[in-house]
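User: I should like to learn how to read the features of a structural model in a methodical order. May we begin with how the covering of a helix is described?

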Amino acid sequence: MVDPIHQFQINKLVTIAKIGAHEIALTNSAIYMIVAVTVICAFLIGSTRSRALVPGRLEAVSEMLYEFVADMIRGATGPEGMQFFPLVFALFSFILVANTMGLLPYGFTVTSNIVITVSLALLVFLTVTVAGFWKHGLHFLRIFVPSGIPMYILPMVVVMEVFSFFVRPVSHSVRLFANMLAGHITLKVFAGFIIMLSAAGVLGIFGAILPLALTIALTALELLVAVLQAYVFAILTCIYLNDAFHPGH
Amino acid sequence: MDPIAAKYIGAGIACIGMGGAGVGVGTIFGHYLAAAVRNPSAADGQFPRLIFGFAVTEALAIFSLLIALLLLYAV
């Protein structure tokens with residue numbers, strides 16, 4: 001019986017270098033990340049190379065992708081947020097491709113490892129903090145002091161705001177990680193039911209139709225979750241960037 | 001009590017918090033749907049706010065999940 005956690009195991013493929021006790025190796029996770037980046041770059045470069053006045057099908061898809069992310073930034077951050085367009089677009093497309101690649105059979109889900117999502121979330125958190133201090137100096141600290149709050153509850157609100165600011169990378173990363181992890185475990189558990197039932201004889205094979213149908217339905221749901229979580233990660237990045245541009249709400 | 005048993009019971013209790021966040025997420029989507037049916041033309045403009053409210057509410061569920069995961073694997 002295959003256990004449902006096995007799919008998240010990181011395997012060393014090639015050891016590149018050794019620094020002290022630490023090993024720098026090419027893992028299956030790294031391979032999938034390289035493939036994801038290659039797929040995105042090849043698609044975007046290949047589809048926009050002709051730069052036709054009337055775009056073809058593939059070019060239209062990449063233009064729609066661009067417009068989708070651009071509208072998201074303009075809506076949540078404002079037009080000045082467009083200088084962070086490359087960051088948001090890279091995050092969105094990377095998470096989208098990594099999530100959907102994990103749904104392929106025998107695929108490895110890069111975003112179901114917390115080390116990856118924490119790195120992405122810390123990147124966003126540090127970008128927001130640095131950009132906020134860069135643009136507004138110490139006025140950036142106004143994000144902790146919302147306007148229009150009566151003096152007597154202000155200290156409590158400031159404590160809450162500071163806490164919620166520093167807890168952002170935690171919720172930002174664990175949301176993506178937990179959604180991908182839980183979905184894939186559920187999928188593999190139901191797939192395991194098919195094997196267990198069909199091993200029980202002719203009646204079991206007919207009984208296995210039910211978990212098979214559920215697995216297909218869950219795969220469709222997982223596709224929705226994969227796209228939705230990429231969108232959620234990107235829009236939260238935009239909302240956090242909004243604080244860097246407009247502190248003090 | 002056996003400390004390992006207590007650990008697993010604690011992880012289970014921590015997951016109860018996710019139920020409350022589930023009620024919250026349901027309320028958010030339910031009210032969005034009710035508002036969208038009343039005024040469909042305004043629905044698309046509020047979609048980012050819907051996702052933001054959903055994300056903030058879900059963060060609370062994530063904290064209790066985090067406690068459960070920490071109890072299971074880190075403690």
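Analyst: Two residues are in contact if their C-beta atoms, placed from the backbone, lie within 7 Å. Helices (H or I, at least four residues) and strands (E, at least two) are DSSP runs numbered from the N terminus. A residue is buried if 20 or more other C-beta atoms lie within 10 Å of its own, exposed if 12 or fewer, and partly exposed in between. In this structure, the buried residues of α4(A) are covered by elements that include α3 (85-101), α6 and α8 of chain A. The model is predicted: local features require pLDDT of at least 70 and side-chain atom pairs pLDDT 80 or more, whereas totals for chains, interfaces and linings use all residues. Residues are numbered from 1 along each chain as its sequence is written, with chains lettered from A and ligands numbered from 1 in the order in which they are written.

User: Which residues of α4(A) are buried?

Analyst: An α-helix has 3.6 residues a turn, so residues three or four places apart point the same way. The buried residues here are A:I116, A:T117, A:L120, A:A121, A:V124, A:F125, A:V128 and A:G132. The helix has 23 residues and reaches 32 Å from its first C-alpha to its last, close to the 33 Å expected at 1.5 Å a residue (the expected span is 1.5 Å times one less than the number of residues). Just after α4(A), A:G137 adopts a positive phi of about 60°.

User: Why does A:A131 count as partly exposed?

Analyst: A:A131 belongs to helix α4 (residues 114-136) of chain A. A:A131 counts as partly exposed because it has 19 C-beta neighbours inside 10 Å. Its C-alpha atom is separated by 8.0 Å from that of A:F245, 114 residues apart along the chain.

User: Which elements give two or more residues to the largest nonpolar core?

Analyst: A nonpolar core is a set of buried Ala, Val, Leu, Ile, Met, Phe, Trp, Tyr and Cys residues joined through C-beta atoms within 7 Å. The largest core has 45 residues, of which A:V88, A:F92, A:I95, A:A234, A:I235 and A:C238 touch the most other members. Two or more residues come from each of α2, α3, α4, α6 and α8 of chain A, together with α4 of chain B. The largest share, 12 residues, is that of α8(A). Leaving aside residues up to four places away in sequence, A:F92 touches A:V69, A:A230 and A:A234.

User: How are the strands of chain A paired?

Analyst: Two strands pair if DSSP finds at least two bridges between them. Strand β1 (residues 12-19) of chain A pairs with β2(A) in the antiparallel sense over six bridges, and A:K12 has A:T27 as its bridge partner. The strands form a hairpin with two residues between them, and A:G20 in the turn has a positive phi of about 60°. Strand β2 (residues 22-27) of chain A is hardly covered, with zero buried residues among its six.

User: How many residues of chain A are in contact with chain B?

Analyst: In chain A, 10 residues are in contact with nine residues of chain B. The elements giving two or more residues to this side of chain A are α2 (57-76), α6 (168-198) and α8 (209-245).

User: What confidence does the predictor give the complex?

Analyst: The complex has an ipTM of 0.73 and a pTM of 0.86. pLDDT is the predictor's confidence in each residue, from 0 to 100; its mean for chain B is 89, and 100% of the residues of chain B reach 70 or more.
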